[in-house]
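Q: I've got a model open and I'd like to learn how to read it piece by piece. Could you walk me through it?

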Amino acid sequence: MRFTIKREEFLKGLNIAVRAVSSKTPISVLANIRMDLTEDGLFIIGSNFDLTIRTYIPYKDESNSDIIRNYKEGSTLLNAKIISEIVRKMESDEITIEIIDSTIATVTDDKSEYKLNCVRAEEYPEIDLDASNGVVFSLPVAQFSSLVDQTAFAASTKEQRPILTALNLEASEGMLTAIATDSARLAKKQIPISSNLNFIANIPAKMVVEVEHLAEGASDIAISISDKKALFTFSNTTVVTRLIAGEFPNTSKVIPHETNYSLEVNASDLIRSIDRANILSIDRENVVDLSMSVDRVEVSAKSSQVGSAVEKISPFRFEGQNLQISFNSEFVVAAVKALGSEDVTFMFVGEMRPFVIKNNKDDSVVQVVTPVRTF
């Protein structure tokens, strides 16, 4: 195996693939990236089994200029961290890699030469990158990003209940519904989709966020959902992640359908008020109080050690009897930001019942937060 490649394009491909490589993998061979030079171009694969990323570098760019030249097809495994660091620090426009006797890789440019131990490609585990055995559909990347941005943040980051670390995707009756919850909050987003699609999948939320980052700049993303994996393809990259086994909680009863109070406020004003009041939420970490009446809306926090803070919010529109509620400020701020609207509406049932935060101009997304008991 031998090839000379544009350093910038090579580094771009390496940076994509190594995102799937874990430095703490119990399977030593997965500390490597796999490189396959075929008649189609250079394929670079990184994996930790839970997540696999394959990206592709063609021989020529769109203007028909060489990206890869002076090549001989073949495959090898190289330490992901080391080869990425070497290529990043090299200064020439092109880099040449040659594999000698399947055990030594020489990496050279105009100034530097490295000789690295490499591993035969046959040592790398088989990874299923076939998208044809699942339910396949496509979304514009902008639509996929909004789906992720407005939901995935609400998934749990704790592994005690793995199912809560998932973004639940369900396609049914012409609608794709995404739901994430950590049991204290919930985010739900719906987008129209082909009516003949039907599936349910629990995809690790952090993996979906990773896909969103990698797909930035692409126009469309093809998604394949099978029994055990989800596969995402965009530009020259394919990402495969395992699904989380188990049944996602039934959240249909969590979102209240009838409420007794409503509050409409400017999103930016609310976020700034919460942020200032939160300075004094020392005794109750990140917990602030929201007091509402037809005459006044206030965000407050207090600490027996430091003192208290009160923030008046204006303008506002409140309907209902006087109400005071306490909540995790981080949860509410994240929910409000996810809505991406100038004004937001809070819908309350009562003091200790989950409340809804929504954008009146967009019914496709709903945020739900559970109040905090402070007595």
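Q: Let's start with strand 3: is it enclosed or not, and how many of its residues are buried?
A: The general idea is to check each residue against the cut-off for buried, under 20% relative accessible area. This is a predicted model, and in it strand 3 (residues 41-47) has six of its seven residues buried, so the strand is largely enclosed by the rest of the structure.

Q: Which strand pairs with strand 3 over five bridges?
A: To read pairing, look for bridges between two strands and then for the direction in which they run. Here strand 2 (residues 32-38) pairs with strand 3 in the antiparallel sense, over five bridges. For a concrete spot, find Arg-34, which stands opposite Ile-45 in strand 3. The two strands make a hairpin, with two residues between them.

Q: And what happens between strand 3 and strand 4?
A: Another antiparallel pairing: strand 3 and strand 4 (residues 51-57) are joined over six bridges. One pair to click on is Leu-42 with its bridge partner Ile-57 in strand 4. These strands also form a hairpin, this time with three residues between them. Have a look at the backbone torsions in that turn: Phe-49 has a positive phi of about 80°.

Q: How do I read a sheet, say the one with nine strands?
A: Write down the strand order across the sheet, then see whether it closes on itself. In this case the order is 14-11-12-13-26-25-24-18-22, the sheet is open, and the pairing is antiparallel. Strand 14 (199-204) and strand 22 (316-319) are at the edges; each has a single partner strand, so one of its sides has no neighbour in the sheet. As for twist, neighbouring strands are turned by 20° against each other on average, ignoring direction.

Q: Can you show me one pairing inside that sheet?
A: Sure. Strand 11 (residues 166-172) and strand 12 (residues 175-181) pair in the antiparallel sense over five bridges. Leu-169 has Ala-178, in strand 12, as its bridge partner.

Q: Which helices lie across these strands, and at what angle?
A: For packing, find which strands the helix lies across, then take the angle between axes. Helix 4 (residues 205-214) lies across strand 11 and strand 14, at about 85° to strand 14. Helix 5 (residues 267-277) lies across strand 18 (261-266) and strand 24 (343-348), and its angle to strand 18 is about 90°.

Q: How would I read a single residue, such as Thr-106: is it buried or exposed?
A: Start with its element, then its accessibility, then its contacts. Thr-106 sits in strand 8 (residues 104-108). With a relative accessible area of 12%, Thr-106 falls under the 20% cut-off, so it counts as buried. Beyond its neighbours within four places in sequence, Thr-106 is in contact with Thr-96, Ile-97, Glu-98, Ile-100, Tyr-114 and Lys-115. For a sense of scale, the C-alpha atoms of Thr-106 and Asn-236 are 26 Å apart, with 130 residues separating them along the chain.

Q: Now zoom out. What do the whole-protein numbers say?
A: Count elements, then extent, then burial and contacts. The protein has six helices and 26 strands, and its C-alpha trace spans about 80 × 50 × 40 Å along the principal axes. Of its 375 residues, 51% count as buried. Among contacts with a separation of 6 or more, 64% come from residues 24 or more positions apart.

Q: And what about surface and charge?
A: The accessible surface is about 19,100 Å², 44% of it belonging to carbon and sulfur atoms. There are 39 positive and 52 negative charges, and their mean positions lie 4 Å apart.

Notes. Residues are numbered from 1 along each chain as its sequence is written. This is a predicted model: local features need pLDDT of at least 70, side-chain atom pairs count only at pLDDT 80 or more; totals for chains, interfaces and linings use all residues. Side-chain values use heavy atoms; hydrogens and water are left out. Helices (H or I, at least four residues) and strands (E, at least two) are DSSP runs, numbered from the N terminus. Buried means under 20% relative accessible area, exposed over 50%, partly exposed in between (1.4 Å probe, protein chains only). Contact means heavy atoms within 4.5 Å. Accessible areas come from the Shrake-Rupley method with a 1.4 Å probe; for residues, only the protein chains shown count as cover. Lys and Arg count as positive and Asp and Glu as negative; His and the chain ends are not counted. The place of a charge is taken as NZ of Lys, CZ of Arg, CG of Asp or CD of Glu. Two strands pair if DSSP finds at least two bridges between them. Axes are lines fitted to C-alpha atoms, for helices over the stretch in contact, and angles run from 0 to 180 degrees between N-to-C directions.
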